[in-house]
Amino acid sequence: HLRKWGEPEGRVDEAVRRGRLYLEAGADCVYPIFLNEPVELTRFVTEVGGPVNTVFLPGGMSLKEMADCGVARVTYGSALARANGAWLADAARKIAAGESPY
């Protein structure tokens, strides 16, 4: 899903196949990167047979919706670091201007 491998209709099948292989190899959790459509994610969680991680995307599913799909873990990726960096840059500009950063 990250690289949009293969035809769209076969991507979940391939993701499930690969996810099962990861679990068989000893992975604690499977992360189908950018598989975030509710019906497909629910199917993946059901068919892979192990804990599944997904990414929280702005404008995407809510945490409740992800939980309803059966997701075991949610990743925020670099979004929190980018938000923090933006806040720090703004605070630095305020400090440089002699203002409170808060």
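Is Asn53 buried or exposed? In this predicted model, Asn53 is buried, its relative accessible area being 1%, and the residue belongs to strand E1, which spans residues 53-55. The side chain of Asn53 engages the side chain of Arg73 in a polar contact of 3.0 Å. When residues up to four places away in sequence are set aside, the neighbours touched by Asn53 comprise Cys29, Val30, Tyr31 and Pro32 together with Arg73, Val74 and Thr75.

Cys29, one of the residues in contact with Asn53, is partly exposed at a relative accessible area of 27%, whereas Cys69 is buried at 6%. The cysteine sulfur closest to that of Cys29 is the one in Cys69, at 14 Å, and because a disulfide requires the two sulfur atoms to lie within 2.5 Å, this separation is too far for a bond. The relation holds from the other side as well, since the sulfur of Cys69 finds its closest cysteine partner in Cys29, again at 14 Å. The count of disulfides in the model is accordingly zero.

In soluble globular proteins, nonpolar side chains tend to be buried together. In the present model, the largest nonpolar core contains 14 residues, of which Leu41, Phe44, Val52 and Val71 touch the most other members. Helices H1 (11-24), H2 (38-48) and H3 (63-69) each contribute at least two residues to this core, and the greatest contribution, four residues, comes from H2. For Val71, contacts beyond the neighbours within four places in sequence are made with Leu41, Val45, Val52, Thr54 and Met66.

Val16 is located in helix H1 and, with a relative accessibility of 4%, is classed as buried. Apart from residues up to four places away in sequence, Val16 touches Phe44, Glu47 and Val48; Phe44 is also among the core members that touch the most others. Val16 and Phe56, by comparison, are separated by 40 residues in sequence and by 20 Å in space, taken from C-alpha to C-alpha.

Helix H4 comprises 18 residues, from 79 to 96, and extends 26 Å between its first and last C-alpha atoms, a span close to the 26 Å expected at 1.5 Å a residue. Just after H4, Gly98 adopts a positive phi of about 80°.

Terms used: Residues are numbered from 1 along each chain as its sequence is written. This is a predicted model: local features need pLDDT of at least 70, side-chain atom pairs count only at pLDDT 80 or more; totals for chains, interfaces and linings use all residues. Side-chain values use heavy atoms; hydrogens and water are left out. Buried means under 20% relative accessible area, exposed over 50%, partly exposed in between (1.4 Å probe, protein chains only). A nonpolar core is a set of buried Ala, Val, Leu, Ile, Met, Phe, Trp, Tyr and Cys residues joined through side-chain atoms within 4.5 Å. Contact means heavy atoms within 4.5 Å. The expected span of a helix is 1.5 Å times one less than its number of residues. A polar contact is a pair of N or O atoms within 3.5 Å; within protein, one must be able to donate a hydrogen and the other to accept it, and residues adjacent in sequence count only if both atoms are side-chain atoms.
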